Amino acid sequence: MSFFYQFGRYLLFLRSMFTKPEKTNIFFERIFTEMVAIGIDSLPIVILISVFQGAVTTVQSAYQLVSAIIPKSTIGMVVSDSTMLELAPTITCLVLAGKVGSHIASELGTMRINEEVDALEVMGINSASFLVLPKIISGLIMIPLLVIISIFLSLLGGIFAGHYSGLLSASEFIKGARESFIFFTLQVALTKAFTYGFIITSVSSFHGYYTQGGALEVGESSTKAVVYSSVLILLSDYLLAELLL
Amino acid sequence: MIELKEVSKSFNNKEVLKQVSTVFETGKINLVIGASGSGKSVLMRLMVGLLKPDTGTISYDKRIMDFTDYDQTREIRRDIGMLFQGTALFNSSSVQENIEFPLKMFTTMNKEERLDRVNFCLKRVNLENINQKFPAELSGGMKKRVGIARAIALDIKYLFCDEPNSGLDPITSRLIDDLIKEITAEFKITTIINTHDMKTVFDIGDNIVFIYDGLKWWEGSKSDVKNSNNDELQLFLNASYII
């Protein structure tokens, strides 16, 4: 019962924000601010996890594919496909669910308990549209961009790890990656990135926006935002794999 | 003028407001008094549209607030200024940005005009040269005054103040009361104040509504308060050590 109540509330929450913005210039200003908070501020962590992710996948793939009959370029093939199909979108977005999701939920939760959201409503501003819609739009723009950066850096990490550990040369890695590349793989990665971007921003906003109580409840909302976003990312990962592959 | 007709509100089957009807006249300071939990905060949240009544109507100068029509509710809300109990200033924005915010959202003023208006509002609440300060850098009394400045930034018709004196020392409390009184007269607005502070009642109250257990228990002028033979009201007054 509680699930259906919360799900219905979530849908109504999403519907409530789709109204004409009060002032278009302020709306775009807010989108750019959120793009910085969601995208640019997340770059360091994305760079870090992507490079190591690519490096570790290369080393582990090489460990599993030790055979005289398997060409070394296969490692590049495996790393490239698994990075694009799964690791870059899913792992990056799980990390972003923690970083961006908790930030969104705690920001909105604090605004709620400080009555700042009520102040906006009393002024005649649709607070959901004003506060949340720019976050969702920014998430839909920036998270796919971060995933593309993550794919690139993971492959770069793989090339470096392969080269410096002596497992395979950069040219062998690139040969394998190019042989297996089809545009559809990138389409799947971007479909996942858009879906996860929407999940992270909307679910976290929902939990933050409906915070009730005090500082403790803001923390709870933040935790719920991360947990629910992560679970939904994993669930939609499976559904998208079934549907698209 | 704000008119309430048989307004009721329940939470989890508990009726916190029961058939409240009253009229708040324009140009007057209307005080809603009552013990904690009596329902006066719920009444104020209903009036500003943050809650929807279960029954009854609320009308602003004959415009009945239609809670199913968000655009209509929003139009009415644009005539409302509100001072929240915790001030509800945007903590990540400076004083100037806080006051400028409704001007940016609802007017076509350019930057200089907005700055003039911000400075006028700050001067009106006896605060100057604090434009670049953030709410965290202000005292409780200063925050309340910035809250009032933000509320009057637009040409409002109705001013709602929820416990404007809570957490303030007696001198600052009087200062806030005097400010609300001056602003009500100067801008000819309808002011509604939720308060426990009986000093406020006797200093600035024109019309007093006493809420008891979710009911409008008593209503009258401040001169009627002391002479009332309403037991619950007298108990409330005696507890305040005013009479």
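Which side chain meets that of Glu179(A) in a salt bridge? The partner is Lys175(A), with an N to O distance of 3.4 Å. Bear in mind that this is a predicted model. Both residues sit in helix α7 of chain A, which runs over residues 170–180, and they are 4 residues apart, or about one turn of the helix. Counting over all chains, the total comes to 25 salt bridges.

**Chain A at a glance**

Chain A has 9 helices and 0 strands. Follow the sequence along and the pattern reads α-α-α-α-α-α-α-α-α. As for dimensions, the C-alpha atoms fill a box of roughly 70 × 40 × 30 Å along the principal axes.

There's also a nonpolar patch on the surface of this chain, about 820 Å² in area. Its makers are Val227(A), Tyr228(A), Val231(A), Leu232(A), Leu235(A), Tyr238(A), Leu239(A) and Leu243(A). One of them, Val231(A), belongs to helix α9, residues 215–244 of chain A.

**Where B meets A**

Now for the contact between the chains. Chain B brings 23 residues to it and chain A brings 17 residues. Together they bury about 1900 Å², and carbon and sulfur atoms give 59% of that area.

What about charged pairs? The count between chain B and chain A is 2 salt bridges. Arg45(B) and Asp118(A) form one through their side chains, at 2.9 Å from N to O. On top of that, 6 residue pairs are found in polar contact across the interface, with both residues at pLDDT 80 or more.

On the chain B side, at least two residues each come from α2 (70–77), β6 (80–83) and α3 (95–106). The largest share belongs to α3(B), which supplies 5 residues. By residue type, the side of chain B that touches chain A splits into 13 nonpolar, 4 polar and 6 charged residues.

Here are the two named salt bridges side by side:

| Side chains | N to O distance |
|---|---|
| Arg45(B) and Asp118(A) | 2.9 Å |
| Glu179(A) and Lys175(A) | 3.4 Å |

The Arg45(B) row links chain B to chain A, while the Glu179(A) row stays inside helix α7 of chain A.

Notes: Residues are numbered from 1 along each chain as its sequence is written. Chains are lettered from A and ligands numbered from 1 in the order in which they are written. Side-chain values use heavy atoms; hydrogens and water are left out. Contact means heavy atoms within 4.5 Å. Buried area is the accessible area (1.4 Å probe) that two parts lose on being put together, summed over both. A salt bridge is a side-chain nitrogen of Lys or Arg within 4 Å of a carboxyl oxygen of Asp or Glu. A polar contact is a pair of N or O atoms within 3.5 Å; within protein, one must be able to donate a hydrogen and the other to accept it, and residues adjacent in sequence count only if both atoms are side-chain atoms. Ala, Val, Leu, Ile, Met, Phe, Trp, Tyr, Cys and Pro count as nonpolar, Asp, Glu, Lys and Arg as charged, and the others, Gly among them, as polar. Patches are made of residues with over 30% relative accessible area and no salt bridge: like charges are joined within 9 Å, nonpolar side chains (Val, Leu, Ile, Met, Phe, Trp, Tyr) within 5 Å. Accessible areas come from the Shrake-Rupley method with a 1.4 Å probe; for residues, only the protein chains shown count as cover.
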